[in-house]
Structures are given as C-alpha cells and as structure tokens.
Amino acid sequence: MLVLLPPSEGKASSGRGAPLKPESLSLPELTAAREAVLEELVELCAADEDKAREVLGLSEGLRGEVAKNAGLRTAGARPAGEIYTGVLYDALDLASLDTAARRRAGRSLLVFSGLWGAVRVTDRIPSYRCSMGVKLPGLGALGGHWRAPMAEALPAVAGGGLVLDLRSAAYAAAWKPKGEVAERTATVRVLHAPTRKVVSHFNKATKGRIVRSLLTSGAVPKGPAELVEALRDLGYEVEARAPVKAGQAWALDVLVTEVH
C-alpha cells in the first residue's frame, strides 16, 4: 500500500541535526528536479526578501520564513515525519506509533512537497516554506515542474498494490495516477454526514486518523474494494464509487457525524 499525503504549511523547526544531503533522499530519480528548486529558492530568498515574500505568498508576519529558506543548505535536518505538523499530522501522531506501525509508515507514506517533490517520512529534511502552488521566476509553476519527473518515478514506487490518495488538489496536480495504477487508486473525501459538506479542519483530522488506523491495525488491503472493507471493519462509514471506465480511480466518501 502506498499512501499519498499533502505536507503541512506549518512545520517544526529544523533542529540541530546534520545538514540536508539531497542525494540521500528517497526517490533518487527526483534529485535533479529537487536541486533545481532548491537552488532557485535559496537564491531568491537570500537576494531579495520582499520579492521572495511576494513569490511565496507570505504575509509580513511570516517574513522569518524567507530567512529560513535562504539557509536551507546549512540548516539541520530531521525526519520529515517530525518536520510536518498541522491537523492531519497531529491526528496521525507518528511519534506514538509502536515499532511495527512505525515501520509500516516508513514503507507506505509518501509526502508531496513543492520543494522536494515527494519524500518518505523517514527522509531527513530541514524546515522550509514553499507550497506546490508557488510559481518561481525561473522554473515557473512548481506543479508543472514536478509533473514529468513524477510521471517517471512514481509508477515504480506504486508497484502493484493499492494507492490511497489523500492529497489536496494543489499537490494532486503534480502526479495523476494513470492506466492500471489509477484503477488501483482510491481518493477520499470526508463529509459531515448530516450536511454532506466537506469541513476542512475535520477533513484533515479524519484523514490522519484513517492512516493511523490502517497502520496500527496492520491491515494490508490489496486494492480499493479491500480498502473499503478494511475501513468499515475499523469502524468508518464509507460510501464507494467504483470507476465507470478503465483508467479511473475509485472515489470514497467517509461520513462523519461529529465535527471536532
């Protein structure tokens, strides 16, 4: 099973670990594309703080994020699972998983990123600020920048098993499963059952809980249909729509009654 996650806007501090080694990150096929984004981002943030804030869409209160980006090559690195914070990652709570579940997380979870493309939660990265929606002056829109290298690298990473896609729209634009991989992919919405509306905060928290439930249960669904059954066994109310034609993903709605 491969689980595709969005990153979080908020991130923990880099800490005092050894600096980033881009060549040590998973998915080495993305190294050249990562270096291109890293080089331009560092140069932009080191040269012109105001321009960098404009490009990155940062408010005055987030001015410190520009300096953080300027120092990315020398900043300490920590496992990505410790860097990403926010609602989804709080609910997932990787740090409290037992050894077996943590090992499954290292194998299964892939976090998409405007800067790194995609990383495993065990990959060591520094804290940064660069969303997939950014358009760098030299490279252009990052969603487009990542599309070709992702299309080359991700099918092999997906292998022959289930792909559980929990990404937001901006990050889904960087790689869209196609063909046979798409048919083994399930996307998930979380709906407030009484209103049938998506509630952003609760949507993220529930997705974090879903991933945690799968990791702690040891469930290994082989495809979308098996995923639906596994989630129902874990106590989730799920409505599933199978694809109507070849090359499409399954669409799952998880219904919740309490918004908290």
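These legends accompany close-up views of a predicted model.

**View 1. The largest nonpolar core.** The core has 77 residues. Four of them touch the most other members: L5, L109, F112 and W116. Helix α1, residues 31-47, gives the most to this core. Its share is seven residues. In soluble globular proteins, nonpolar side chains tend to be buried together.

**View 2. Contacts of L5.** L5 is one of the core residues that touch the most other members. Leaving aside residues up to four places away in sequence, L5 touches L88, Y89 and L92. L5 also touches the run L109, L110, V111 and F112. The list is completed by L166, R167 and V211. Two of these partners, L109 and F112, are named with L5 among the core members that touch the most others.

**View 3. The enclosed cavity.** The structure holds one cavity of 30 Å³ or more. The space in the largest cavity is about 40 Å³. P7, S8, E9 and K11 are part of its lining. G114, Y128, C130, S131 and Y171 line it as well. By class, the lining has four nonpolar, three polar and two charged residues.

**View 4. The largest pocket.** This pocket has a volume of about 350 Å³. It is lined by 18 residues, and P6, P7, S8, S168 and K204 are the closest to its centre. P7 and S8 also line the largest cavity. Helices α5 (87-92) and α10 each supply at least two residues of the pocket lining. Helix α10 gives the most, with four residues. The lining divides into seven nonpolar, seven polar and four charged residues.

**View 5. S213 on helix α10.** S213 sits in helix α10, which spans residues 200-217. This is the helix that gives the most to the lining of the largest pocket. S213 has a relative accessible area of 17%. It counts as buried because that value is under the 20% cut-off. The S213 side chain makes a polar contact with the side chain of Y236, at 2.8 Å. Not counting residues up to four places away in sequence, S213 touches L234 and Y236.

**View 6. The second largest pocket.** About 290 Å³ of space lies in this pocket. Its lining comprises 15 residues. Nearest its centre are G81, E82, D93, L94 and A95. Helices α4 (80-83), α5 and α6 (99-108) each supply at least two lining residues. Helix α6 gives the most, with three. Helix α5 also supplies at least two residues to the lining of the largest pocket. By class, the second largest pocket is lined by seven nonpolar, four polar and four charged residues.

**View 7. R184 between α9 and β9.** R184 lies in the loop between helix α9 (179-183) and strand β9 (185-192). Its relative accessible area is 12%. R184 is therefore buried, the cut-off being under 20%. The R184 side chain reaches two backbone oxygens. That of G159 is at 2.9 Å. That of G161 lies 2.5 Å from a polar atom of the R184 side chain. Beyond residues up to four places away in sequence, R184 touches A158, G159, G160, G161, L162 and V163. P224 is also among the residues R184 touches.

Terms used: Residues are numbered from 1 along each chain as its sequence is written. This is a predicted model: local features need pLDDT of at least 70, side-chain atom pairs count only at pLDDT 80 or more; totals for chains, interfaces and linings use all residues. Side-chain values use heavy atoms; hydrogens and water are left out. A nonpolar core is a set of buried Ala, Val, Leu, Ile, Met, Phe, Trp, Tyr and Cys residues joined through side-chain atoms within 4.5 Å. Buried means under 20% relative accessible area, exposed over 50%, partly exposed in between (1.4 Å probe, protein chains only). Contact means heavy atoms within 4.5 Å. On a 1 Å grid over the protein atoms alone, a cavity is a set of points where a 1.4 Å probe fits but cannot get out, and a pocket is an open set with protein on both sides within 12 Å along at least five of seven lines; lining residues have an atom within 4 Å of a point. Grid points are joined across faces, edges and corners, and a volume is the space filled by probe spheres set on the points. Ala, Val, Leu, Ile, Met, Phe, Trp, Tyr, Cys and Pro count as nonpolar, Asp, Glu, Lys and Arg as charged, and the others, Gly among them, as polar. A polar contact is a pair of N or O atoms within 3.5 Å; within protein, one must be able to donate a hydrogen and the other to accept it, and residues adjacent in sequence count only if both atoms are side-chain atoms.
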